[in-house]
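Biologist: I should like to go through this structure term by term. For each label, please explain what justifies it.

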Amino acid sequence: GDYRDDRIRFAMAIDPALVDVFAPDSFAGISVPVALINLEAAGDLPVTLDARPVAGAIPAASYALVEDASHSSMFGLCKPAAAEIAREEGIEDPICDDGPVRPRAEIHADLIRRVIAEFDDAF
């Protein structure tokens with residue numbers, strides 16, 4: 001069906017999940033600008049998060065890759081001992097690990113700049 005909503009004039013997603021379950025050509029009818037950002041080194045990006053095929057299928061899409069971040073980098077800052085508590089609770093995902101390059105606060109500042117720039121460009 002056609003679920004267009006004329007109120008939506010721009011869309012943005014950071015690490016959209018499960019993109020691999022959609023046929024890339026199903027995005028061809030999207031007529032609003034879309035900005036997609038992935039957080040991970042290109043070679044480490046799981047196929048289910050890799051937004052490049054989706055960006056390539058949307059006529060007015062932009063794509064960016066923040067290679068010195070991780071999927072967890074989009075989440076809030078971890079409190080002291082949060083990583084240890086998560087492991088003790090059986091959470092195996094490295095939810096507090098952003099990689100060796102930049103702290104999460106710097107990644108957030110970078111993402112905020114990117115989001116503002118994308119919205120400024122769209123409007």
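Biologist: Why is A42 called partly exposed?

Modeller: This is a predicted model, and every value I quote is computed from it. The relative accessible area of A42 is 29%. Buried requires under 20% and exposed requires over 50%, so A42, at 29%, is partly exposed.

Biologist: Where does A42 lie, and what is it in contact with beyond its neighbours within four places in sequence?

Modeller: A42 belongs to the loop between β2 (34–39) and α1 (52–57). Leaving aside those neighbours, A42 is in contact with R52, L65 and E67. A contact here needs heavy atoms within 4.5 Å. As for I30, it is 12 residues from A42 in sequence, and the two C-alpha atoms are 25 Å apart in space.

Biologist: What is the overall pattern of the protein chain?

Modeller: Read along the sequence, the pattern is β-β-α-β-α-α, which comes to 3 helices and 3 strands. The C-alpha atoms fill a box of roughly 45 × 30 × 25 Å along the principal axes. Of the 123 residues, 28% count as buried.

Biologist: What makes β2 largely enclosed by the rest of the structure?

Modeller: The burial of its residues does: 6 of the 6 residues of β2 are buried, so the strand is largely enclosed. V34, L36 and N38 point one way from β2, whereas A35, I37 and L39 point the other way. In a regular strand the side chains alternate between the two faces of the sheet.

Biologist: How do you know that β2 pairs with other strands, and in which sense?

Modeller: Pairing requires at least two bridges between two strands. β1 and β2 have 4 bridges, in the parallel sense, and within that pairing A11 stands opposite V34 in β2. β2 and strand β3 (residues 61–66) have 6 bridges, again in the parallel sense, with I37 opposite A64 in β3. Both pairs therefore satisfy the requirement.

Biologist: What makes up the largest nonpolar core?

Modeller: It has 10 residues in all: V19, F27, V32, V34, L36, A51, V54, A55, A57 and I58. The elements that give two or more residues to this core are β2 and α1, and α1 gives the most, with 3 residues. Apart from this core lies another, of 7 residues, among them I37, V66, A69 and I107. In soluble globular proteins, nonpolar side chains tend to be buried together.

Biologist: Which residues is V34 in contact with, once its neighbours within four places in sequence are left aside?

Modeller: V34 is in contact with A11, I58, A60, A61 and S62.

Biologist: Why is the link between E84 and R87 called a salt bridge?

Modeller: The closest N and O atoms of E84 and R87 are 3.7 Å apart. The limit for a salt bridge is 4 Å, so the pair qualifies. Because they are 3 residues apart in helix α2 (residues 82–88), E84 and R87 are separated by about one helical turn.

Biologist: Why do E84 and R87 receive separate labels for exposure?

Modeller: R87 has a relative accessible area of 55% and E84 has one of 40%. Exposed requires over 50%, so R87 is exposed, whereas E84 is partly exposed.

Biologist: Which other salt bridges are there, and are their residues buried or exposed?

Modeller: The count comes to 8 salt bridges. One of them joins R4 to D2, with the closest N and O atoms 3.1 Å apart, and both residues are exposed. Another joins R104 to D98, at 2.9 Å, and there both residues are buried. In addition, D68, R102, D110 and R114 are linked in a network of salt bridges.

Biologist: What makes the nonpolar surface patch, and why is F22 called partly exposed?

Modeller: L18, V21 and F22 make the patch, which is about 320 Å². F22 is found in the loop between β1 (11–14) and β2. Its relative accessible area is 48%. Since exposed requires over 50%, F22 is partly exposed. Membership of a patch asks for over 30%, so 48% meets that condition as well.

Key
Residues are numbered from 1 along each chain as its sequence is written. This is a predicted model: local features need pLDDT of at least 70, side-chain atom pairs count only at pLDDT 80 or more; totals for chains, interfaces and linings use all residues. Side-chain values use heavy atoms; hydrogens and water are left out. Buried means under 20% relative accessible area, exposed over 50%, partly exposed in between (1.4 Å probe, protein chains only). Patches are made of residues with over 30% relative accessible area and no salt bridge: like charges are joined within 9 Å, nonpolar side chains (Val, Leu, Ile, Met, Phe, Trp, Tyr) within 5 Å. Accessible areas come from the Shrake-Rupley method with a 1.4 Å probe; for residues, only the protein chains shown count as cover. A salt bridge is a side-chain nitrogen of Lys or Arg within 4 Å of a carboxyl oxygen of Asp or Glu. A nonpolar core is a set of buried Ala, Val, Leu, Ile, Met, Phe, Trp, Tyr and Cys residues joined through side-chain atoms within 4.5 Å.
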